[in-house]
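Visitor: I would like to go through this structure one point at a time. Please keep the answers short and give the reasoning.

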Amino acid sequence: MPMNLVHDVDGLPRIILTEPTGSSAEVLLYGGQVVSWKNERREELLFMSSKANWKPPRAIRGGIPICFPQFGNLGSLEQHGFARNRMWSLDSDPSPLPPANNQSSVDLILKSTEEDLKIWPRCFELRLRVTLSAGRLTLIPRVRNTDNKAFSFMFTLCNYFSVSDISEVRVEGLETLDYFDNLNNRQRFTEQADAITFDGEFERVYLSTPTKIAIIDHEKKRTFELWKDGMPDAVVWNPWDKKAKALQDLGDEDYQSMLCVDSAVIETPIILKPFEEWKGRQEISTVSSSYCSGQLDPRKVLYGFH
């Protein structure tokens with residue numbers, strides 16, 4: 001299946017993945033970041049800020065940024081770590097993953113540099129495989145310890161979903177779970193709602209989450225199904241109006257058409273001994289739904305159509 005490496009007007013090399021039904025994905029070498037995923041009707045499924053800063057060393061707000069080896073300010077490094085604003089490389093040896101057959105995919109790698117070792121003195125290899133297939137986008141991140149001592153890290157795939165109207169969106173699969181509320185001094189609470197809906201700023205880290213989470217967009221009659229493995233936590237974030245105005249790289253009204261639901265390892269960081277490797281996996285698929293008229297069984301959304 002085709003894979004094209006192109007250089008944009010902004011100078012950032014990007015890989016364009018396509019597949020036979022007409023869907024596409026675009027991945028930057030900068031940050032190893034997926035910045036576009038379009039379905040077979042060429043509809044963009046990922047949100048990108050109208051004020052996104054495309055000039056290194058700034059992070060790009062939108063798509064699927066990678067937070068490594070730190071999430072947020074939970075450590076001594078810059079916000080969300082440094083992987084999202086480093087230049088990655090094409091990975092010529094993605095072993096031990098099997099080669100992808102009949103799918104469009106790319107393998108990327110980020111290795112620790114002397115610059116990184118000054119701020120985070122641990123040798124590592126961070127790999128990412130991005131695979132596009134009909135109606136599905138799969139990301140497989142891997143971290144290998146190439147140091148002579150153990151280290152720990154956090155990891156997050158920040159999924160910026162494009163939605164029609166945030167007030168018409170609900171998230172299912174996180175009910176009854178414990179979460180840290182970042183708007184309330186990271187206090188721990190238990191989710192009481194049957195489904196998560198949005199009417200103001202929202203920033204929570206849900207713990208010990210299921211492998212599947214459903215993001216139901218009533219207006220577009222579309223459901224994103226987020227399936228994840230090896231990343232037990234889930235971050236749900238929307239800045240709402242005041243915070244959106246305060247963020248320089250986010251348009252004032254952008255909050256209305258975005259929702260972040262992230263696959264994450266935050267509460268209990270991964271510990272790797274020398275030469276050990278951690279692997280995660282995330283699949284996002286879309287299903288057309290008439291959920292608002294009760295035609296889509298929410299249990300099928302949560303537990304799969306396979």
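Guide: Helices and strands here are DSSP runs, numbered from the N terminus, with at least four residues for a helix and at least two for a strand. The model is a predicted one.

Visitor: Where does proline 96 lie?
Guide: Serine 95 and proline 96 are joined by a cis peptide bond, with omega near 5°. Strand S7 covers 104-111. Proline 96 is placed in the loop between S6 and S7.

Visitor: Which residue does a cis peptide bond join to proline 56?
Guide: The omega angle of this bond is about 5°. The partner lies in the loop between S4 and S5. The residue joined to proline 56 is proline 57.

Visitor: How many salt bridges does a search of the whole structure find?
Guide: A pair counts when a side-chain nitrogen of Lys or Arg is within 4 Å of a carboxyl oxygen of Asp or Glu. Searching the whole structure on that basis gives a count of 19.

Visitor: Which side chain meets aspartate 249 in a salt bridge?
Guide: The N to O distance in this pair is 2.8 Å. The pair links distant parts of the chain, 188 residues apart: aspartate 249 is in the loop between helix H2 (240-246) and strand S19 (258-272), and its partner is in the loop between strand S4 (34-38) and strand S5 (66-67). The partner is arginine 61.

Visitor: Is arginine 61 buried or exposed?
Guide: The cut-off for buried is under 20% relative accessible area. Aspartate 249, with 9%, is buried. Arginine 61 has a relative accessibility of 17%, so it counts as buried.

Visitor: How many residues apart are arginine 142 and glutamate 277?
Guide: Their side chains meet in a salt bridge, at 3.6 Å from N to O. Arginine 142 is in strand S9 (residues 136-145) and glutamate 277 is in strand S20 (residues 277-279), so the pair links distant parts of the chain. The separation is 135 residues.

Visitor: What is the relative accessible area of glutamate 277?
Guide: Its salt-bridge partner, arginine 142, counts as buried at 2% relative accessibility. Glutamate 277 is partly exposed, and its value is 28%.

Visitor: Which residue meets arginine 170 in a salt bridge?
Guide: The N to O distance is 3.0 Å. Arginine 170 is partly exposed at 22% relative accessibility, whereas its partner is buried at 6%. That partner is glutamate 172.

Visitor: Which residues do salt bridges that share partners join into one network?
Guide: Shared partners connect these salt bridges to each other. The members of the network are Glu40, Arg41, Glu43 and Arg222.

Visitor: Where does UniProt place the feature "binding site"?
Guide: The record is an unreviewed entry. The positions span 24 residues in sequence, but no two of their C-alpha atoms are more than 13.1 Å apart, so they gather at one spot. The lining of the largest pocket includes these residues. According to UniProt, the positions are Arg61, Gln79 and Arg84.

Visitor: With which residues is glutamine 79 in contact, leaving aside its neighbours within four places in sequence?
Guide: Glutamine 79 lies in the loop between S5 and strand S6 (89-90). Its relative accessible area is 44%, so it is partly exposed. The contacts are Gly72, Asn73 and Arg84.

Visitor: At what distance does the side chain of arginine 84 reach the backbone oxygen of glutamine 79?
Guide: Arginine 84 also lies in the loop between S5 and S6. Leaving aside neighbours within four places in sequence, its contacts include Tyr30, Gln33 and Gln79. From the side chain of arginine 84 to that backbone oxygen the distance is 3.2 Å.

Visitor: What is the nearest side chain of opposite charge to arginine 84?
Guide: Arginine 84 is buried, with a relative accessible area of 17%. It has no salt bridge. The side chain in question is 5.9 Å away and belongs to glutamate 78.

Visitor: What is phi of threonine 176?
Guide: Threonine 176 is in the loop between strand S12 (169-172) and strand S13 (178-181). At 61% relative accessibility, threonine 176 counts as exposed. Its phi is positive, in a residue other than glycine, and is near 70°.

Terms used
Residues are numbered from 1 along each chain as its sequence is written. This is a predicted model: local features need pLDDT of at least 70, side-chain atom pairs count only at pLDDT 80 or more; totals for chains, interfaces and linings use all residues. Side-chain values use heavy atoms; hydrogens and water are left out. Buried means under 20% relative accessible area, exposed over 50%, partly exposed in between (1.4 Å probe, protein chains only). UniProt positions are given in the numbering used here, feature names are shortened, and annotations may be inferred rather than shown by experiment. On a 1 Å grid over the protein atoms alone, a cavity is a set of points where a 1.4 Å probe fits but cannot get out, and a pocket is an open set with protein on both sides within 12 Å along at least five of seven lines; lining residues have an atom within 4 Å of a point. Contact means heavy atoms within 4.5 Å. A polar contact is a pair of N or O atoms within 3.5 Å; within protein, one must be able to donate a hydrogen and the other to accept it, and residues adjacent in sequence count only if both atoms are side-chain atoms. Lys and Arg count as positive and Asp and Glu as negative; His and the chain ends are not counted.
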